[in-house]
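Here is a short briefing to read alongside the model. Keep the structure open as you go, and follow the points topic by topic.

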Amino acid sequence: MTNTLMISLDTTIFTGKIGNTRARHEGYAQLANGHLSMVVLNRAAGYTPLETPRLSVHPTESRGLPLLRYWRDGVRTGLVLQAAHPAAVISSQDPFLSALIALRLKHRTGKPLIIQDHSAIFSSPYFVREHPRNYLARTLGVLMIRQADAVRVVSRRERLACIRYGIRPSAICVIPVATETAAFAADPDPDAVAAWRVRLGITEKNPTILWVGRPVAFKNLSLLLTAFQRIVTELPEARLILAGDMNGTNYIGQAAARGLGDAVKFPGTVPYGDLPALFHAADVYALSSNYEGFGRVLVEAGAAGLPVVATDTAGAADVVADGLTGAIVPIGNAEKLAEALLLLLRHPVRRKQFATRARQHVQANFEEGTLTRKWVEMWHRLSRGLPPCALS
C-alpha cells in the first residue's frame, strides 16, 4: 500500500471538462492499494473538495494573484491532507510552482519527492525563445529537479536534457502519459463518421488532414496553414480540419487571408466522446508544434489508424516512427511539412500501410494499463527506498 500526496494546477478534476481526470486518479490510487491526496492550486472559484474512499482533492481557493499566497495555501492544504491520509511519497505535477510547494512539504514531512515534467522545457530551445519569462521558468525548473528524489519525464529527449543538467540517470524515469485508446482503436460508428462528414462538408473524395487541440502559440498553427496553402495548390480537393476553441485567435482570419476559404474547417471545441468518429473521418493527422512534451493526441491518432506527420518535437519523436507510421519533419519548415502531407494524401496504399503500423506501434509501446502500472510502481519503489525506475 502506498499513499501519495500530489500538488497540481489542474482544475479539470473538478469541472470534468477534459477527459476523465477524476477516474484516472482514482485508478492510480486503487492500483497503489492506497489513498491519493491532491492539492489543486486555484484562484477562488467555489470548488467543493472531492472525497472518495481512494481520493481526496482539495482546492486552495486562493485569493488574488501573488504567488506567495498560492505557496502558503498550497503548503497549508497539503499538511491538512497529510494529517488525514499520511503519504509515503510526495509528487508535483510540474517543476515550477507546484514543485516549490511539494519541496516545502518534503522538508516538513521527510518524505521523498517526485517532480513530474510533462513538457519539453529542458530539451527544447523553442520553449526559452517563446518568451523571456520562460528562461526564468527553466532556471527555476532546473533548481527544482536538482532537489527531487526522482523525476518523471514523458519523453526520452527530455530525459537526456535532465541528465545534461546534472540529474543522475537512475533517478529519471521515462513514463509517457497513459492515454485511453480503446474508443479510438474500436471499429468506428459509420453513422457518427458520416455525420461528421456532413457537418464539415467533406466526402471520401476529399483527402483530409486533422489537427485537434488548444491553439496556443507553441502549436504553431500558422505553419500548418502555410503548408496547407501549398497543398491545395497541388491538390485542390484536400481539406484541413482544425478542431479547438479558436476564440481569441486569428486563425480563421489567417485561413481567409490565404484564400483557403471552405478548404479549412473549424468545428470548434469537440467533446472528448465525439473525437474517435472525427479521427475516423480524416486521412492523416498533422502536428506543427514548436515543442511538445508528449503528444497524447498522436497516440490517439495512431490508435485510430491515422498516419501522423509531425514536427520534430520531443514527444513526436517517441510516438511517430519516421518512415514507418508517419513522418517527422524539421520544426518551422512549412515546405517539408507540406511535402510529407502531400505524399500521404496522394498515396492511399502507403497511407494504409502506415495506418496498420501506427496501430501496432501504439499497442506495443503506449498501452494504457502498462504505463499506469509503471507510474504507480514508481511510487512504490521510491517509498521503499529503491531506485525509482522499474527495469521494464
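**A helix across the parallel sheet**

Helix α10 (residues 221-234) lies across β9 (208-212), β10 (239-243), β11, β12 (284-287) and β13, and runs at about 165° to β10. Please bear in mind that this is a predicted model. The chain contains 17 helices and 14 strands, and the points below take you through two sheets, one helix with a buried side, and a set of salt bridges.

**The six-stranded sheet**

- Six strands make up this open sheet, in the order β11-β10-β9-β12-β13-β14, and their pairing is parallel.
- At the edges you will find β11 (264-265) and β14 (326-329), each of which pairs on one side only.
- Four bridges join β13 (residues 308-311) to β14 in the parallel sense.
- To find your place between these two strands, look at Val309, whose bridge partner in β14 is Ala327.
- Helix α13 (residues 296-303) also lies across part of this sheet: β9, β12 and β13 are beneath its path, and its direction is at about 170° to β12.

**The eight-stranded sheet**

- The other open sheet has eight strands in the order β3-β4-β2-β1-β5-β6-β7-β8, and here the pairing is mixed.
- Its edges are β3 (50-51) and β8 (172-174); each has a single partner strand, so one side of each is left without a neighbour in the sheet.
- Strand β7 (residues 150-153) pairs with β8 in the parallel sense, over three bridges.
- Within that pairing, Val153 has Val174 of β8 as its bridge partner.
- Helix α4 (residues 97-109) packs on this sheet, where it touches β1, β5 (89-92) and β6 (113-117), and its direction makes about 165° with that of β5.

**Helix α2 and its buried side**

- Which residues of helix α2 (residues 21-31) are buried? They are Thr21, Arg24, His25, Tyr28 and Ala29.
- These residues cover an arc of only 140° around the axis, which means that they sit on the same side of α2.
- As a reminder of the geometry, an α-helix has 3.6 residues a turn, so residues three or four places apart point the same way.
- The cover over the buried residues of α2 includes strands β1 (4-8), β2 (36-40) and β4 (55-59), along with helices α1 (12-15), α13 and α17 (368-383).
- After α2 comes Asn33, with a positive phi near 55°.

**Salt bridges**

- The count of salt bridges comes to 13.
- Asp318 and Arg156 form one of them, with their closest N and O atoms 2.9 Å apart.
- That pair links distant parts of the chain, since Asp318 is in helix α14 (residues 314-319) and Arg156 is in helix α7 (residues 156-164), 162 residues apart.
- Is each partner buried or exposed? Asp318 counts as buried at 13% relative accessibility, whereas Arg156 is exposed, with a relative accessible area of 54%.
- Asp312 and Arg157 form another salt bridge, and their closest N and O atoms are 3.0 Å apart.
- Asp312 lies in the loop between β13 and α14, and Arg157 is in helix α7, so this pair ties together parts that are 155 residues apart in sequence.
- Both members count as partly exposed: Asp312 at 30% relative accessibility, and Arg157 at 32%.
- Arg72 and Asp73 also meet through their side chains in a salt bridge, at 3.0 Å from N to O.
- Here Arg72 counts as partly exposed at 43% relative accessibility, while Asp73 counts as buried at 3%.
- A network of salt bridges links Arg230, Glu234, Glu335, Glu339 and Arg346.

**The chain as a whole**

- The radius of gyration is 22 Å, which agrees with the value near 21 Å for a compact globule of 392 residues.
- Along its principal axes, the C-alpha trace spans about 65 × 45 × 40 Å.
- Of the 392 residues, 54% count as buried.
- Among contacts with a separation of 6 or more, 66% come from residues 24 or more positions apart.

Notes: Residues are numbered from 1 along each chain as its sequence is written. This is a predicted model: local features need pLDDT of at least 70, side-chain atom pairs count only at pLDDT 80 or more; totals for chains, interfaces and linings use all residues. Side-chain values use heavy atoms; hydrogens and water are left out. Two strands pair if DSSP finds at least two bridges between them. Contact means heavy atoms within 4.5 Å. Axes are lines fitted to C-alpha atoms, for helices over the stretch in contact, and angles run from 0 to 180 degrees between N-to-C directions. Buried means under 20% relative accessible area, exposed over 50%, partly exposed in between (1.4 Å probe, protein chains only). The arc is that of the directions from the helix axis to the C-beta atoms. A salt bridge is a side-chain nitrogen of Lys or Arg within 4 Å of a carboxyl oxygen of Asp or Glu. The radius of gyration is taken over C-alpha atoms; the globule rule is 2.2 Å times the number of residues to the power 0.38.
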